[in-house]
2 protein chains.
Amino acid sequence: MKKLSADQIEESLKDIKGWAYNEGSIWKSFKFQDFKDTFSIMTRIAFECEKQNHHPNWENVYNNLTIKLNTHDVGGITQNDFDLAKSIEKIVNNK
Amino acid sequence: MKKLSADQIEESLKDIKGWAYNEGSIWKSFKFQDFKDTFSIMTRIAFECEKQNHHPNWENVYNNLTIKLNTHDVGGITQNDFDLAKSIEKIVNNK
């Protein structure tokens, strides 16, 4: 899996609403209804991560969830990160 | 629920191994086998949090989990935080 250039990252970010690049990760913050709702969505995301064998840095406080994605092995962003981000968007938007 | 003093926090920390006070929270980092193992334990903790109606600030990266507890309503640490910390220890130690 190849490390994406700054230009490639910028281009790919156009496809996933609300995601941004910061300090070596692409990230987004979400707000859900309550803790139950948030953790339910985290569980659906967790299964998808396991399937893709790609795992987030994520932080939860009550109904807030911040997800940061990067590819440790290449020390940057790869297509794997964008694939997972798109899967997360589908889950969050219940598609 | 009453905000605990620094002395009370220090005393209560003696009962929960590996927990420490830092920047307004009691916190501990855990390392588990892999992501599946970690998220399974998080799920058990999530149900306990919901039962106690007390929720953590927690961050996960693969098999690492950092949990920070405080009581937002009083701007500090209460017995609720120590109760949840003890429940988390029981779950983690499979007791």
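**Tour: helix α1, the two copies, the pockets**

Select D7(A) and E10(A): these exposed residues (over 50% relative accessible area, 1.4 Å probe, protein chains only) sit on the face of α1(A) turned away from its buried side. The model is predicted, with local features needing pLDDT of at least 70 and side-chain atom pairs 80 or more, while totals for chains, interfaces and linings use all residues. Residues count from 1 along each chain as written, chains are lettered from A and ligands numbered from 1 in written order, and side-chain values use heavy atoms, without hydrogens or water.

Next, show residues 6-13 of chain A, helix α1 (a DSSP run of H or I, at least four residues). I9(A), S12(A) and L13(A) are buried there (under 20%). Viewed down the axis of α1(A), the buried residues fall within an arc of 100° (directions from axis to C-beta atoms), so they line one face of the helix. Add β1 (20-22), β2 (25-31; strands are E runs of at least two) and α3 (79-92) of chain A, against which these buried residues pack (heavy atoms within 4.5 Å).

Now show both chains. Chain B superposes on chain A (least squares on C-alpha atoms, pLDDT of at least 70 in both) by a rotation of 180° with 0.0 Å of shift along its axis, RMSD 0.0 Å. The two copies are thus related as by a two-fold rotation axis. Select E59(B): its C-alpha lies 2.1 Å from that axis, the closest approach of any residue of chain B. Of the interface residues of chain B, 100% are also interface residues in chain A, so the copies meet through the same surface.
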